[in-house]
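Reader: Hey, got a minute to walk me through this fold? I'd like the overall picture, then the odd spots.

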Amino acid sequence: MRIQPRQQLLQVWQALLANCYRDSKWVWGGRDGANSISDTEQLLCLLYPATEITAFALDQPDDMADDIRTVLSPLGEETRIGGALVVMIEEYFTRNTAPGGAPRFAAGSYLRSADAGTPSGEQYQLEVVDAYSMSLSLCIAALRFLRVFQRFVDKQVRREAKELSVRIRELLPQISIRLTAAMTGLVRSFVVHTPEPKSEAGQAILGMLNQTGASEDSVIAGIARRLDRVRVQMANDVKLGQTPDIDLADDLLLFQCGWTWGIDQKATPIDFVDQGISTQLGYAASRPDLYFTIVALDGINDLTARRTREMDLLNDEQRQLADALELRWDLTQRYWSAVARYGAGRWPLEDFPWRTSDGEESDYYSLAISAMVLQDFINRQTTDELPQVVAVLDQLARRGRIISRLTPGDSAGAMHFPGLSIPMPGSAGIGDGPPLQWVVPDFATLLMKRALSAWRLSGDVATRDRLMSLAEATMDHLNARRIASGPARGLWDDAARVAQVGDNDEASGEVLQPSWYLTERVVECLVAADRNYRQPPLAMTSMISRAIEMRSEAEHLLNQEMLEVGDPDVSQTMLERIEQQLDEARRLLSEQPATAFSLAEQALLQLHELAYARRDAMRS
C-alpha cells in the first residue's frame, strides 16, 4: 500500500487519544507496564510529529489545520490543546523525577531475565541506553514545543494563560536537567573495545572480516590501515567520560567502538557536570552492542539536527556534551562503515547473518550495520556504493519475511515476536538478581526507516522506486500487525497476526494494551516518510535535455504562430495560454523536468491544432 504519512499519523493520534485520554486525564502505561522508557515513547507518539512536521505543529493554535483540530478534539478546543500537552509533559516529569530532583531513567518492566529467575529490585532500577536516547529526543521535542508555545501564551490576556506561562517557565529547567543527564549517560555509555587477535572476540572479528581466506596477519594489517584515521582521532579526541586504560596506540590490537547497554562499569566522571549526574555507578561490560549503538545514534541525530542549534536550545554545558556526542556519532559510523565494507571482494556485510565479537549471530545485526553504513554515506554525500547497500536491505527483507512468505515454524518469525534477545553482560548479580537480557521486536521498523533514508540519499529513479516498494511492503507488514479491536485498536503490536507464534500465551487472544516501544518506532517511520515527500522530485539530466528540446521546438512554433496573429483564424487567447504554459515549463526545467516536458508537449499539441486548422481553412 502507498505510505500516506499525514493520514496515517492522524489515525495514530486518533487511536492514541482513544486509548490514553480518558475523563480528561492522560493514562500512562502499556502492554509492558509503565517505566521511564515506556512513558517517553508514549508521549513521543504525540510530541514527535508535532515538533518534526510543520503541518502537525501544536504550538500555534491559530494555524492548526481542520483535520488535526478534529482528531485532537478530545483535548478540547484548539486554544486548549497546547495547555493539555503541557499538563502531559508536567506529569511525565513528575513520574520520572526523584524527590530530590534527580531524573530517573529506570528501565523497569522492559528488563527480562536471561534464565528462569526474576530480576531483583536493584536490577529494575538499572538505566539503559534506550532511556537516555529516548529522553534526549523527548527533551529536544519538548523544548521546541514549549519555546514557541510560550510566546503564544504570553500574548493572551486571560488569567489561565498567565498561570500556564508560569508553569511553562517552571517546566523548562526540569527539561534542561533531564537533557543534561541523558547526554551525560550517553557519553559515559560509549566504549572502545580492544581485543587481542588470538582471543575469542578477536577471532570472531577476524572471521567476519576475512572474506577471502587471507592470512590473519594480512587482515590485521589491512584493517589497521583502513581504520588508521579513526583510530588516531579516537585516541586523541575521545577523552570525556572514557576509561584511561584503552590502548589505541598498538595497531596490532583489533578495536571496536560504540555503545554498551548502559553506563560503562569503568566510565570516569565528567568534571563540568553536576556530580550527582556524572558519578553514577556503571555496570555494563566494556563491549559495544550493535542494537544499543543504533539506538544511541538515533537519539544523537535529533540532538545534532540543524534546527536544534538554530533554536539555541542548549546551554553551554550541553553544547560541550553535544560536541562530545557528535564526535562519537561520527567516529562510530565511520568505523562500522569501514569494517562492513572491508576487503576487495564480497563485503563482510553481505555474509549473512552478521556475527558479533561475542559470538552472537542475527540478521538484525546485519540490518543495524547497514543503517550505520547508510548514515556514513549520508554524512559524506556519496552514492557510489549505495546499490550494494540497497541489495543488502532487499535481502534482509526477504530473510526477515517482510517481502516473502513466512512458513510454519520459520525462525524468522521470532525476530518479529517476541524479538531478538540481547544479553546484558555485567547485569548478573546486581541485588543477587539473574543475568538480564533486552528484547527487541523492531526489525520491520528499523528496515523501513533505513529504506526511507536510502531513498532520500539516492539520485537514481530506478533505485528510488525499488526502495519505495520495499518501504511500502514493510508498511503492509506493519499494518497487518495493528491491533484490530479493543481499547488499543489502531495501535501496535499484534504480532501474532503475522509472526505465527503458535501457542505463545503472551501473543494469543485479544490484545488489550499497545506496545509503545513499537508504536513510537512506527511514528518515527511515518515522520521520515513525510520528510522525504517534502523533498523536490529527482531532476534527471536525460529528462532535462528532453524537456529543453521539447520546449525549444514549441517556442519556435509559437513564434511562427505569433507572425500570423492578424489572421482571424488565429486565436490570440489560445496563443497567450500557450505562452504561459511554456513560461511555466521554463521555470520548472531544473526542478521538475518531467512536468516541464508535459507542459511543452501540451503546448506542441495545441500549436499543431492551430496550424492544422489554418491549413484546413486555406484548402476550403
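Author: Here is a chat about the overall build, the strands, the cysteines and some backbone details.

Reader: What kind of model is it, and how are things numbered?
Author: It's a predicted model, where local features need pLDDT of at least 70 and side-chain atom pairs count only at pLDDT 80 or more, while totals for chains, interfaces and linings use all residues. Residues are numbered from 1 along each chain as its sequence is written, and side-chain values use heavy atoms, with hydrogens and water left out.

Reader: Ok. How many helices and strands in the protein chain?
Author: The protein chain has 24 helices and nine strands. Both are DSSP runs numbered from the N terminus: helices are H or I with at least four residues, strands are E with at least two.

Reader: What domains does the assignment give?
Author: Domain 1 covers 5-201 + 230-500 + 512-534, and domain 2 covers 541-618. Those bounds come from an automatic or database domain assignment. Taken over C-alpha atoms, the centres of domain 1 and domain 2 are 52 Å apart.

Reader: And how does the radius of gyration sit against a compact globule?
Author: The protein chain has 28 Å, which agrees with the value near 25 Å for a compact globule of 620 residues. The radius is taken over C-alpha atoms, and the globule rule is 2.2 Å times the number of residues to the power 0.38. Along the principal axes, the C-alpha atoms fill a box of roughly 105 × 75 × 55 Å.

Reader: What share of the residues is buried?
Author: Buried residues make up 55% of the 620 in the protein chain. Buried means under 20% relative accessible area, exposed over 50%, and partly exposed in between, using a 1.4 Å probe and protein chains only.

Reader: What about contacts along the sequence?
Author: Take contacts between residues at least 6 apart in sequence: 74% of them join residues at least 24 apart. A contact here means heavy atoms within 4.5 Å.

Reader: Switching to cysteines. How many disulfides are there?
Author: Zero. A disulfide would be a pair of cysteine sulfur atoms within 2.5 Å.

Reader: Why doesn't Cys20 bond with Cys45?
Author: Because the sulfur of Cys20 is 8.1 Å from the one in Cys45, its closest cysteine sulfur, and that's too far for a bond. Cys20 has 0% relative accessibility, so it counts as buried.

Reader: And Cys257, buried or exposed?
Author: Buried, with 0% relative accessibility. Cys257 belongs to strand β5 (residues 256-259), which is covered on both faces: Gln256 and Gly258 are buried on one side, Cys257 and Trp259 on the other. In a regular strand the side chains alternate between the two faces of the sheet.

Reader: Which strand does β5 pair with?
Author: β5 runs antiparallel to strand β4 (residues 190-193), joined by four bridges. Val192 has Cys257 as its bridge partner in β5. Two strands pair if DSSP finds at least two bridges between them.

Reader: What's the strand order in the three-stranded sheet?
Author: That open sheet goes β3-β9-β8, with antiparallel pairing. β3 (112-113) and β8 (420-423) are at the edges with a single partner strand each, so one side of each has no neighbour in the sheet. β3 and strand β9 (residues 436-440) share two antiparallel bridges, and Ser113 has Leu436 as its bridge partner in β9.

Reader: Now the odd backbone spots. Where are the cis peptide bonds?
Author: One joins Phe352 and Pro353, with omega about -15 degrees. Pro353 sits in the loop between α14 (316-340) and β6 (354-355). Another joins Phe417 and Pro418, with omega about 5 degrees, and Pro418 lies in helix α17 (residues 413-419).

Reader: Which residues have a positive phi without being glycine?
Author: Ser24 is one of them, with phi near 65 degrees. Ser24 is in the loop between β1 (21-22) and β2 (25-26), and it's exposed at 58% relative accessible area. Gln381 also has a positive phi, about 50 degrees. Gln381 lies in the loop between α15 (363-380) and α16 (386-399) and is exposed too, at 61% relative accessibility. Most residues other than glycine have a negative phi, and most peptide bonds are trans.

Reader: Last one: where is Gln535?
Author: Gln535 is in the loop between α21 (516-533) and α22 (541-563), and at 34% relative accessibility Gln535 counts as partly exposed.
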